[in-house]
Amino acid sequence: MAITKEDILKALSYVEEPDLGKDLVTLNMIEDVQVDGKDVSFTVILTTPACPLKDLIRNACIRAIHTMVDKEAEVTVNMTSRVTSGRAGSSEVLTGVKNIIAVASGKGGVGKSTVTSNLAIALAQSGAKVGLIDADIFGPSIPTMFGVEDQRPSMVQGDHGKNYIIPVEKYGVKLMSIGFLTPPDHAVIWRGPMASSALKQFISDVEWGELDYLLLDLPPGTSDIHLTMVQVLPVTGAVIVTTPQKVAIADAQKGLQMFRQPQINVPVLGVVENMAYFTPAELPENKYYIFGQEGGQNLARKFDVPVLGQVPLVQSIRESGDEGTPVALQNDSPASGVFRELAQAVAQQVSVRNATLAKTQPVEIKS
């Protein structure tokens, strides 16, 4: 009996997307079904190019066709992606941006900017369109991390004669930072409202274009910048960065709880434990827990969120950041693999969040 498209779709309706808990056909993830005798091909539309379950889904599809349709079928599964979005409405700011991810910590010095930079590059390397706002107005680190301290953004005139800033682009990531607009050796001495105004400009006066993910590298603590962000933007979710150290966990807990305040209500995607352990280059199998052990895991467990990744304390991560070539660019480095896995975990949680939670709205905070 000849194989039909209906046979293929029926078989694939038994293949479940592991994270979303529904089958591929119900989720409209199957397109372009082609049948030519025993040659069968179709395209699976993943929810992110950084999907860590690609091979699992591909093998499940092939197995379903062989089991339910024809064990001799030649099956070609094409994998592509269409990043989902949890944003509401079409009249918001940044209408071309599908997902806005806040990267936060309660405490400075935990490596948040290092994590954000490498996460952004790893997402871009997976095939996603990525932007990064350095929202730490008083201590901008992103220009140094990307080796673009001397670059200045250009301007373009948009509709109605309004001028827009063109972000600096490096390693496939679009970047905006106050560090591009002020001399590197000058301090920014502004009150909170001025810093918040600068952040608003980075959001509304920059030509970001079409992005799958826009990351915001937030300053430490819970300040005017954080409130401005949630008032101006519908934030898809927050990533909390901490070290295992007790004092860092105490502050990270406050940062996490800020997003869970009823009047803010931004989903927390998970926790990244940075400097989780020290591994010397000459003894790559050894782990020394300099800042304590399982602090980030305990924090994640307490608030019922996933541990997105554990980043080791290794010299190459620091050196590459200082040199403006983040370690995620070095495919032969074990540390770069950690950030690829982190990017997959973050993209995975964004997809789950978009499929299971209500669309995000800017927050109205009454003084």
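**Thr47 and its surroundings**

I began with the contacts of Thr47 in this predicted model, and, setting aside neighbours within four places in sequence, I found Thr47 in contact with Leu20, Arg82, Val83, Thr84 and Ser351. I then looked up where Thr47 sits, and noted that it belongs to the loop between β4 (39-46) and α2 (54-68). Is Thr47 buried or exposed? I recorded a relative accessibility of 11% for Thr47, and because the cut-off for buried is under 20%, Thr47 counts as buried.

**Ser351, the partner in α10**

Among the contacts of Thr47 I followed up Ser351, since the side chains of Thr47 and Ser351 are joined by a polar contact of 2.8 Å. I located Ser351 in helix α10, which covers residues 334-356, and wrote down that at 5% relative accessibility Ser351 counts as buried. Which residues does Ser351 contact, leaving aside its neighbours within four places in sequence? I listed Leu20, Thr47, Thr48 and Thr84 for Ser351, and I marked Leu20 and Thr84 in my notes, as they appear in the list for Thr47 and also in the list for Ser351.

**The hairpin of β8 and β9**

I next turned to strand β8 (residues 154-157) and strand β9 (residues 163-166), and noted that they pair in the antiparallel sense over 4 bridges. For Met155 I looked up the bridge partner in β9, and entered Ile165. Between the two strands of this hairpin I noted 5 residues, and I recorded that His160 takes a positive phi near 60° there.

**Ala198 in α5**

I placed Ala198 in helix α5, residues 192-204, and at 7% relative accessibility I entered Ala198 as buried. How far apart in space are Ala198 and Ile178, C-alpha to C-alpha? I noted 7.9 Å between their C-alpha atoms, for two residues that are 20 residues apart in sequence.

**A nonpolar patch at the surface**

Last, I looked at the surface, where Leu283, Tyr288 and Ile290 make a nonpolar patch of about 280 Å². I took Leu283 as the member to examine, and found Leu283 in the loop between β14 (268-278) and α8 (295-302). Its relative accessibility is 40%, so I entered Leu283 as partly exposed; a residue of a patch must have over 30% relative accessible area, and the 40% of Leu283 agrees with that cut-off.

Definitions and conventions: Residues are numbered from 1 along each chain as its sequence is written. This is a predicted model: local features need pLDDT of at least 70, side-chain atom pairs count only at pLDDT 80 or more; totals for chains, interfaces and linings use all residues. Side-chain values use heavy atoms; hydrogens and water are left out. Buried means under 20% relative accessible area, exposed over 50%, partly exposed in between (1.4 Å probe, protein chains only). A polar contact is a pair of N or O atoms within 3.5 Å; within protein, one must be able to donate a hydrogen and the other to accept it, and residues adjacent in sequence count only if both atoms are side-chain atoms. Contact means heavy atoms within 4.5 Å. Patches are made of residues with over 30% relative accessible area and no salt bridge: like charges are joined within 9 Å, nonpolar side chains (Val, Leu, Ile, Met, Phe, Trp, Tyr) within 5 Å. Accessible areas come from the Shrake-Rupley method with a 1.4 Å probe; for residues, only the protein chains shown count as cover. A salt bridge is a side-chain nitrogen of Lys or Arg within 4 Å of a carboxyl oxygen of Asp or Glu. Two strands pair if DSSP finds at least two bridges between them.
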